[in-house]
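The questions below go through a predicted model, beginning with confidence and then turning to side-chain packing.

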Amino acid sequence: GSPLPLRRALALPLPAAPPPQPPATPIANYREAPPRPPAGPGRMVAVNDRYICYANKNGLVRVIGRGDAARTLLRGHYHGVGVGSTVVVDQSFFSRTSDVLATLGTDNQVIIWRIFDRPPPGGLPPEIAAERLLEIRTAASRLVWHPFNPNAFLLLGADGGAHVVDTTRLLTAKCPKGGHAVCVPDGPGTAPASPASPLGVALGPPAAMSTDGDFSADGTRVLVAGADGRVTLWNVLGSGGRSPSPPAPALTSPAKSVMEFTPHSGAPVDRCLFLPGRDSFAPPGGEKSPVSFMTSCGNNTTVTLWDLVEKGDGYAPVQVQTVSLPGGDANLACDRTGRFLLLSERSGGILHVLHIDRAQPRPLRFDYVAPFTLTYPVLSWHVMDEAGDTGAPQDDAGDADADAAAVEERLDVYCVQSRAVQILRLRASSCYSRDYLPAGGAEQWEDDPAPAKTEPPPATTDEEE
């Protein structure tokens with residue numbers, strides 16, 4: 001269970017002995033495996049500081065309070081039971097403190113919700129309530145929120161198109177049933193939100209078949225990956241640099257491509273994401289910050305870390321490191337601090353947690369990997385950074401030293417698995433600390449000098465219907 005050092009290019013090794021199994025907290029059990037969304041980076045679970053949301057069958061989304069037994073069902077994508085019933089393909093909160101949730105379904109609906117606690121009459125415990133804020137009737141496979149503007153997001157269409165959507169500029173009508181706003185971008189008489197598209201700023205033609213995308217930390221650039229093997233960097237915002245209270249920036253149309261390349265020798269690109277926790281592109285006249293991003297291919301079994309360097313009016317990618325995972329299909333997630341990358345085979349087996357060394361000058365790179373055993377296959381997950389656990393090393397059973405009193409960060413991995421929804425709890429120290437390497441096993445990079453030496457768990461629920 002000790003972390004292993006990584007070199008510049010490495011196939012992640014299969015552990016000689018079974019690695020430790022992380023402690024788990026059950027949330028719910030399934031009578032049957034939930035329907036998996038179509039291939040892509042869509043998420044079956046979304047978590048913020050107050051709620052856990054996960055996809056159920058027939059387009060339903062279960063919402064559970066993290067600190068109590070309150071629960072409700074979101075029925076916006078429910079259209080009955082049987083063949084052809086809806087599958088929720090993606091969902092996410094705007095931020096961990098926000099009550100705004102987006103859900104996408106195969107029913108060609110994008111729904112923006114507000115989730116909140118509603119005190120019932122008679123002094124009973126609070127109930128979870130939800131209201132629809134906006135409904136966009138279009139086929140979509142993934143939604144990526146703007147980093148600080150809750151009225152903007154990147155929307156990947158089921159037809160392969162990608163758009164930066166500003167909800168304040170959409171032409172909407174009031175729904176006669178729920179009273180919420182409804183946008184039908186392809187409907188008759190639809191006025192465009194911009195000269196490029198009724199949805200907003202279009203990023204390339206649909207023929208590119210966009211598979212993933214991400215905003216830079218300051219919201220001025222967007223990475224878009226395609227099934228054609230290309231990754232494109234777009235300048236999408238005309239104003240609004242990173243500041244303590246950034247204004248809602250204006251969208252520019254059309255967007256300008258400032259970089260395009262094929263990171264994996266033309267193979268389809270599964271994921272592309274800026275490394276979280278990094279100020280990406282400074283405003284004009286400001287101090288420039290390092291920019292790092294990742295791409296993956298082979299169903300997320302090969303991951304490459306890149307740096308961006310300026311080149312004329314655009315940028316050029318510099319390959320830093322590549323790691324590959326045995327197997328044919330994997331989940332990929334990065335924590336919000338940009339210090340840990342999680343990879344796991346969807347068929348089960350091993351979870352690999354890669355640590356990103358942020359203490360050294362550029363370029364950033366993976367320096368250690370820690371394997372963990374998964375009892376059940378993971379279909380989808382969401383990673384949350386938490387504090388309040390002991391800082392002692394875990395033994396082979398995942399238990400901590402009872403005498404340890406230190407408080408340290410941990411990763412809570414909310415997993416939708418084949419038979420259950422549960423939380424896997426990983427101590428940060430068990431994923432990267434050199435103190436826990438076997439004697440003589442802390443081999444460093446070949447070109448590096450040697451380094452100097454509470455939240456209550458959610459209640460377990462009954463089986464879902």
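Q: How many contacts beyond four places in sequence does the model have for residues 434-465, where pLDDT stays under 50?
A: This model is predicted, and the mean pLDDT of its protein chain is 79, with 75% of the residues at 70 or more. Where pLDDT is low, the predicted coordinates should not be read in detail. That caution applies to the contacts counted for residues 434-465, since pLDDT stays under 50 there. For this stretch the number of contacts beyond four places in sequence is 78.

Q: Which element of the protein chain has the highest mean pLDDT?
A: Among the elements, the lowest mean pLDDT, 56, belongs to strand β1, which covers residues 4-5. At the other end of the ranking, with a mean of 97, stands the strand formed by residues 100-105, namely β9.

Q: Is the aromatic pair of Y30 and Y54 stacked or edge-to-face?
A: The count of aromatic pairs comes to six, and Y30 with Y54 is one of the aromatic pairs, with 6.2 Å from centre to centre. Planes over 60 degrees apart count as edge-to-face, and for Y30 and Y54 the angle between the planes is 90 degrees. The pair is therefore edge-to-face.

Q: How many residues apart in sequence are the parts that the pair of Y30 and Y54 ties together?
A: Y30, buried with a relative accessible area of 6%, lies in the loop between β3 and β4. Y54, buried at 0%, belongs to strand β5, residues 51-55, so the pair ties together parts whose separation in sequence is 24 residues.

Q: Which residues form one aromatic cluster with F94?
A: The ring centres of F94 and W145 are 5.6 Å apart and their planes stand at 80 degrees, so this pair is edge-to-face. F94 lies in the loop between β8 and β9, whereas W145 lies in strand β12, so the pair ties together parts that are 51 residues apart in sequence. Both residues are buried, F94 with a relative accessible area of 18% and W145 with 9%. The cluster joins F94 with W145 and F153.

Q: Which side chain is joined to that of E135 by a polar contact of 2.6 Å?
A: E135 lies in strand β11, residues 127-136, and counts as buried because its relative accessibility is 2%. Not counting residues up to four places away in sequence, E135 touches several residues, including Q109, H180 and C183. The side chain that makes the 2.6 Å polar contact with that of E135 belongs to R137.

Conventions:
Residues numbered from 1 in each chain as written. Heavy atoms only, no water. pLDDT = per-residue confidence, 0-100. Helix = DSSP H or I, 4+ residues; strand = E, 2+ residues; numbered from the N terminus. Contact = heavy atoms within 4.5 Å. Phe/Tyr/Trp six-rings, centres within 6.5 Å; stacked < 30°, edge-to-face > 60°. Buried < 20%, exposed > 50% of the residue type's maximum accessible area, 1.4 Å probe, protein only. Polar contact = N/O pair within 3.5 Å; in protein donor to acceptor, adjacent residues only side chain to side chain.
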